[in-house]
Every structure is written in structure tokens, then in C-alpha cells.
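Grab a coffee and work through these short exercises with the model open in your viewer. Try each task yourself before you read the solution.

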Amino acid sequence: MLIALISDIHSNWEALQAVWKEVKYADVILCMGDLVGYGASPNEVVEFVRKQMEERTLLCVRGGNHDNAVAFGADWGGFNPYAREAVRWHQWVMKSENLEFLRRLPPVRQLFTDDRERSYLLIHGSPPRAPLDEYLFPWLPESEFRSVLNYVRQDDLLVGHTHISMLKVIDGRRIINPGSVGQPRDGDWRASYALMDTDEEPPENVEFHRVEYDVEEAARKIIEEGLPRFLANRLFEGL
């Protein structure tokens, strides 16, 4: 069973299409949320994800503060001015059916392999303290990851939110972050995703990948829509 992991698309249609060409042959594709925010193509991204979920090729959770803020008008207190402006624009331009789709997405999902020998918990942030908002950065001490896993019964925890790929292995259990499709923040502008082959033994069965996309077009659309130029420029820097 080949599982593709994606997260943090952030309304970047060009990045999503480039990644999809590489992951569409997987048996299942798992998305850890934040479909919208920052970028200029929220309706295109959400409608594409809706279609894939209807065809049962993809499972997705509601994601983090951006999906929540756009869908529910949730607290924007932790957002920088550029993110707040993008959220307001997303709420203005998004179709009502796409907003309703975001509202209906569950914040947590569980998945088993076909033989039920390994289980996965999908969440955007971190259980149980802040499922949508807490960052699990790779440089946190091991004690922090152990504490998080104490709240998880599944073998592996699949997260997003940091926009940085990560694999942490603790006593045979794993915390995996595929990085960001639409806005990587590790100094590499290319879209990020991960593949996991359940026919191979963990933890070595996870591979992280990067793919180039039309970043100039994604940036052009951000500027054309009147969103902050900062959001366009950062796409080229991977920051």
C-alpha cells in the first residue's frame, strides 16, 4: 500500500497540480489541512480537493488556523498583518459551497493499513493541546515529542502546520510531517510531499520529495489580486 502525504497547500494551485502529478498513483492520499490562506487560488484548490474526496482518492482534515479562520471567522490574533489581509480576501472571494466544505471537514481522522498492523492519526497541529494551532518543530526536545505521543493511541502521528518536513522516531512510533505543498519554509521553494510504502518496514519506508512548479505564475496571481506583495515574494525564497 502506497500512501502519499501532503499538507499546507495554502491556495497555491500551481504547486498542488505539480505535486498531484507525482502522488496521484498512490493507493491513498492523506492531507493534513490548511487548504486555504496566503495564495490566490482558494476556490480552485478547495474544489479540486472536494472532487478527489468524492472519488475517495483523498482523505483530508480541516487543517489549522487558516482553514478555521476563513471558514468560521475564527480568532486571527496570532496572524501577522499579511495573513490577516489574505484571510479577509479569502472570505470575500470564496464560494459559499467551498466555505461549507471547509466547515464540514473533521479536525482529526484515523486510518489503518489494509492488514490493520499499523494505525495513523491525522491532525494539523498537535493533540490534545491545540489540534489546529500547535507547532511541532523538528528542533523541539525529544521529551516534547514523547509528551505528545502519550496522548495518541495510534502508531504514527501525521501532522502539518510547520511547513517543514520531519520524521521523528520514538520507541518504534513516528511523528511525520510531509512539509508544505504551497509555501515551504525550509529555504527550498519547491513543493514538498512524502510517500510511505507500507509493504516496507518502518521507519525507513518514508521518503520526502520536492517538485518544481510554476512559482512565477503563483506569485503573479497573488499580486494581480491585490494581496500583499510579501506573500508573492516569499514563494521564491521558501521562507
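**Exercise 1.** Does Asp156 count as buried or exposed?

*Solution.* Keep in mind that this is a predicted model. Start with the cut-off: buried means under 20% relative accessible area. Asp156 comes out at 0% relative accessibility, so it counts as buried.

**Exercise 2.** Find out which residue forms a salt bridge with Asp156 at 2.8 Å, and where the two partners lie.

*Solution.* Step one is the general idea: side chains of opposite charge can pair when their charged atoms come close. Step two is the pair itself. Arg118 is the partner, with 2.8 Å between the closest N and O atoms of Arg118 and Asp156. Step three is location: Asp156 sits in strand 6, while Arg118 belongs to the loop between strand 4 (108-112) and strand 5 (119-123), so the pair ties together parts that are 38 residues apart in sequence. Step four is burial. Arg118 has a relative accessible area of 15%, so it is buried.

**Exercise 3.** Now hunt for the salt bridge that joins Asp156 to strand 8, and work out which residues end up in one network.

*Solution.* Look at Arg174: its salt bridge with Asp156 has the closest N and O atoms 2.7 Å apart. Arg174 lies in strand 8 and Asp156 in strand 6, so this pair ties together parts that are 18 residues apart in sequence. Asp156 and Arg174 are both buried. Put the pieces together and you get a network of salt bridges that links Arg118, Asp156 and Arg174. For context, the model's salt bridges come to 11 in total.

**Exercise 4.** Take the salt bridge between Arg146 and Asp171. Which parts does it tie together, and how accessible are the partners?

*Solution.* First, the distance: the closest N and O atoms of Arg146 and Asp171 are 2.7 Å apart. Next, the positions. Arg146 is in helix 6 (residues 142-149) and Asp171 is in the loop between strand 7 and strand 8 (173-178), so the pair ties together parts that are 25 residues apart in sequence. Finally, accessibility: Arg146 has a relative accessible area of 33% and is partly exposed, whereas Asp171, at 64%, counts as exposed.

**Exercise 5.** Find the side chain that His161 touches through a polar contact, and say whether His161 is buried or exposed.

*Solution.* Go to the loop between strand 6 (156-158) and strand 7 (165-170), where you'll find His161. Its relative accessible area is 2%, so His161 is buried. Its side chain makes a polar contact of 3.1 Å with the side chain of His124.

**Exercise 6.** Time for the surface: which residues make the nonpolar patch that includes Val169, and which form the negative patch that includes Asp27?

*Solution.* Begin with the nonpolar one. Leu167, Val169 and Phe208 make a patch of about 210 Å². Val169 is part of strand 7 and, at 40% relative accessibility, it counts as partly exposed. Then turn to the negative patch, made up of Asp27, Asp199, Glu200 and Glu207. Asp27 belongs to the loop between helix 1 (13-23) and strand 2 (28-31), and it is exposed, with a relative accessible area of 53%.

**Exercise 7.** How many Å separate Gly226 and Leu5 in space, C-alpha to C-alpha?

*Solution.* Place Gly226 in the loop between helix 7 (215-224) and helix 8 (229-237). Gly226 is exposed, with a relative accessible area of 52%. From there to Leu5 is 32 Å, C-alpha to C-alpha, and the two are 221 residues apart in sequence.

Terms used
Residues numbered from 1 in each chain as written. Predicted model: local features only at pLDDT ≥ 70, side-chain atom pairs only at ≥ 80, totals over all residues. Heavy atoms only, no water. Helix = DSSP H or I, 4+ residues; strand = E, 2+ residues; numbered from the N terminus. Buried < 20%, exposed > 50% of the residue type's maximum accessible area, 1.4 Å probe, protein only. Polar contact = N/O pair within 3.5 Å; in protein donor to acceptor, adjacent residues only side chain to side chain. Patch = residues over 30% accessible without salt bridge, like charges linked within 9 Å, V, L, I, M, F, W, Y side chains within 5 Å. Areas by Shrake-Rupley, 256 points an atom, 1.4 Å probe, with all protein chains shown as cover. Salt bridge = Lys/Arg side-chain N within 4 Å of Asp/Glu carboxyl O. Lys, Arg positive; Asp, Glu negative; His and termini not counted. Charge placed at Lys NZ, Arg CZ, Asp CG, Glu CD.
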